[in-house]
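Reader: I would like to learn how to read a few features of this model. Could you take me through them one at a time?

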Amino acid sequence: MPKALILVGGFGTRLRPLTLTRPKPCVPFVNKEMVIHQIEALKKVGVDTVVLAVNYRPEVMSALLKPWEEKLGVKIQYSREEEPLGTAGPIALAKKYLVDENAPDSPFFVLNSDVTSEFPFESLLKFHKNHGKEGTIMVTKVSEPSKYGVVLYDEEGKIKSFVEKPQEYVGNKINAGIYIFNPSVLDRIEVKPTSIEQEVFPAMAASGELYCMELEGFWMDIGQPKDYITGLCLYLTSLKKKKSPQLAPEGDGIIGPVVIHPTAKIGKDCVIGPFVSIGPDCVVGDGVRLQRTSLFSGVTVKQNSWLSQCIVGWDSMIGKWVRMEGVTVLGSDVTIKDELYVNGTRILDHKTIKESVPSPQILM
């Protein structure tokens with residue numbers, strides 16, 4: 001049975017205020033904790049032990065994820081860093097969890113916790129075993145490679161080099177944050193702050209031990225609000241292509257793809273979608289318009305309000321005739337009074353907003 005390590009890391013500052021209430025991997029994404037999407041996909045390829053590399057609030061995470069262990073039949077373990085160890089150090093620290101005494105050569109998966117994609121772990125495992133080298137990373141195509149590190153490789157997938165944020169076009173495939181390694185990779189890494197991208201991968205490539213496989217379908221790093229909303233659109237589009245039963249039937253004011261939790265209540269004459277996720281126990285009043293928006297559990301949106309590109313945190317209340325847009329993010333238990341306009345603003349937990357916020361800001 002292969003095992004897996006998910007690099008959870010730090011404080012999730014880019015996704016605040018949502019991460020003030022919950023650790024980032026436990027922030028909902030289409031009505032499931034972000035990390036659960038990854039764990040479900042790992043379970044499908046036979047992974048029965050998932051290790052979360054954390055340096056922040058493991059006890060909170062453990063309490064939130066405990067019910068999923070039984071539900072999915074997966075053991076979730078926690079490897080805690082006392083100091084930040086970069087992207088490679090946590091792999092060395094988790095060695096005792098990742099190497100199976102009964103199968104010491106069995107490979108293990110490593111993932112960044114912010115990534116959403118189709119997670120084709122089965123084909124990745126097969127490709128990795130076929131080439132027989134130490135590691136395989138997934139690469140994905142991007143339209144603006146100058147913002148990333150570009151991976152250069154031959155037609156077999158053998159990696160030749162990495163070019164960090166190239167100013168001239170050299171290629172458009174980047175590291176997708178999804179890897180599989182043989183346990184021998186642990187001989188290359190010490191328990192100290194180390195970058196897997198800048199220190200470990202170039203050394204592996206130089207010795208001909210690192211391959212890559214192109215990721216089919218969508219990919220997004222959803223670790224900040226704008227990208228979270230883009231990831232929501234890509235994920236829901238993927239569900240639509242698969243004709244997933246999770247999606248709400250279209251028609252009667254539903255413009256798909258949309259996911260509505262069965263416990264949510266939707267009023268009359270609403271227009272919901274495209275690209276909307278509505279969580280448990282939400283109440284959406286009559287005549288409400290939602291698009292490119294995620295409502296977490298317990299949210300109320302009163303009648304005739306209009307929301308576009310918003311993430312609305314747990315138990316928040318949006319008044320009547322409110323307009324919110326421009327990547328607005330509400331923390332937990334935020335109240336927006338009637339007839340206000342809120343644009344591109346992040347509002348921290350337990351705030352009551354009584355005046356419009358026409359230009360982007362952070363309200364503490």
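Reader: Let me start with the largest cavity: how does its lining divide by class into nonpolar, polar and charged residues?

Author: The lining has five nonpolar, four polar and one charged residues. The classes count Ala, Val, Leu, Ile, Met, Phe, Trp, Tyr, Cys and Pro as nonpolar, Asp, Glu, Lys and Arg as charged, and the others, Gly among them, as polar. Before we go on, a word on the source: this is a predicted model, where local features need pLDDT of at least 70, side-chain atom pairs count only at pLDDT 80 or more, and totals for chains, interfaces and linings use all residues. Residues are numbered from 1 along each chain as its sequence is written, and side-chain values use heavy atoms, with hydrogens and water left out.

Reader: How is such an empty space found, and which residues line the largest cavity?

Author: Rolling a probe the size of a water molecule over the atoms shows where empty space is left. On a 1 Å grid over the protein atoms alone, a cavity is a set of points where a 1.4 Å probe fits but cannot get out, while a pocket is an open set with protein on both sides within 12 Å along at least five of seven lines; lining residues have an atom within 4 Å of a point. Grid points are joined across faces, edges and corners, and a volume is the space filled by probe spheres set on the points. Here there is one cavity of 30 Å³ or more, and the largest cavity holds about 40 Å³. Its lining is made by Phe29, Met34, His37, Gln38, Ser113, Asp114, Val115, Thr116, Phe119 and Ile222. Two elements, helix 2 and strand 7 (115-117), give two or more residues, and helix 2 gives the most, with three. Helices (H or I, at least four residues) and strands (E, at least two) are DSSP runs, numbered from the N terminus.

Reader: Now the open spaces. Which residues lie closest to the centre of the largest pocket?

Author: The largest pocket has about 1,300 Å³ of space. Of its 48 lining residues, Asn112, Tyr148, Asn175, Trp219 and Asp221 are the closest to the centre. Among the elements that give two or more residues are strand 1 (3-9), helix 7 (196-206) and helix 8. Strand 11 gives the most, five residues. By class, the lining has 20 nonpolar, 16 polar and 12 charged residues.

Reader: And which element gives the largest share of the lining of the second largest pocket?

Author: That is helix 2, with four residues. This pocket has a volume of about 410 Å³, and His37, Ala41, Lys44, Glu118 and Lys242 lie nearest its centre among 18 lining residues. The lining divides into eight nonpolar, four polar and six charged residues. His37 also appears in the lining of the largest cavity.

Reader: Helix 8 lines the largest pocket too. What span should helix 8 have?

Author: The expected span is 1.5 Å times one less than the number of residues. For the 17 residues of helix 8 (residues 225-241) that gives 24 Å, and the end C-alpha atoms are 24 Å apart, which agrees. Just after helix 8, Lys243 has a positive phi of about 55 degrees.

Reader: Which residues of helix 8 are buried?

Author: An α-helix has 3.6 residues a turn, so residues three or four places apart point the same way. The buried residues of helix 8 are Pro225, Asp227, Tyr228, Ile229, Gly231, Leu232, Cys233, Tyr235, Leu236, Ser238 and Leu239. Buried means under 20% relative accessible area, exposed over 50%, and partly exposed in between (1.4 Å probe, protein chains only).

Reader: How many salt bridges does the whole structure hold?

Author: Side chains of opposite charge can pair when their charged atoms come close. The cut-off for a salt bridge is a side-chain nitrogen of Lys or Arg within 4 Å of a carboxyl oxygen of Asp or Glu, and the search finds nine. In one of them, Lys240 meets Glu250 at 3.4 Å, N to O. Lys240 lies in helix 8 and Glu250 in the loop between helix 8 and strand 14 (258-260), so the pair ties together parts that are 10 residues apart in sequence. Lys240 is partly exposed at 41% relative accessibility, and Glu250 is partly exposed at 48%.
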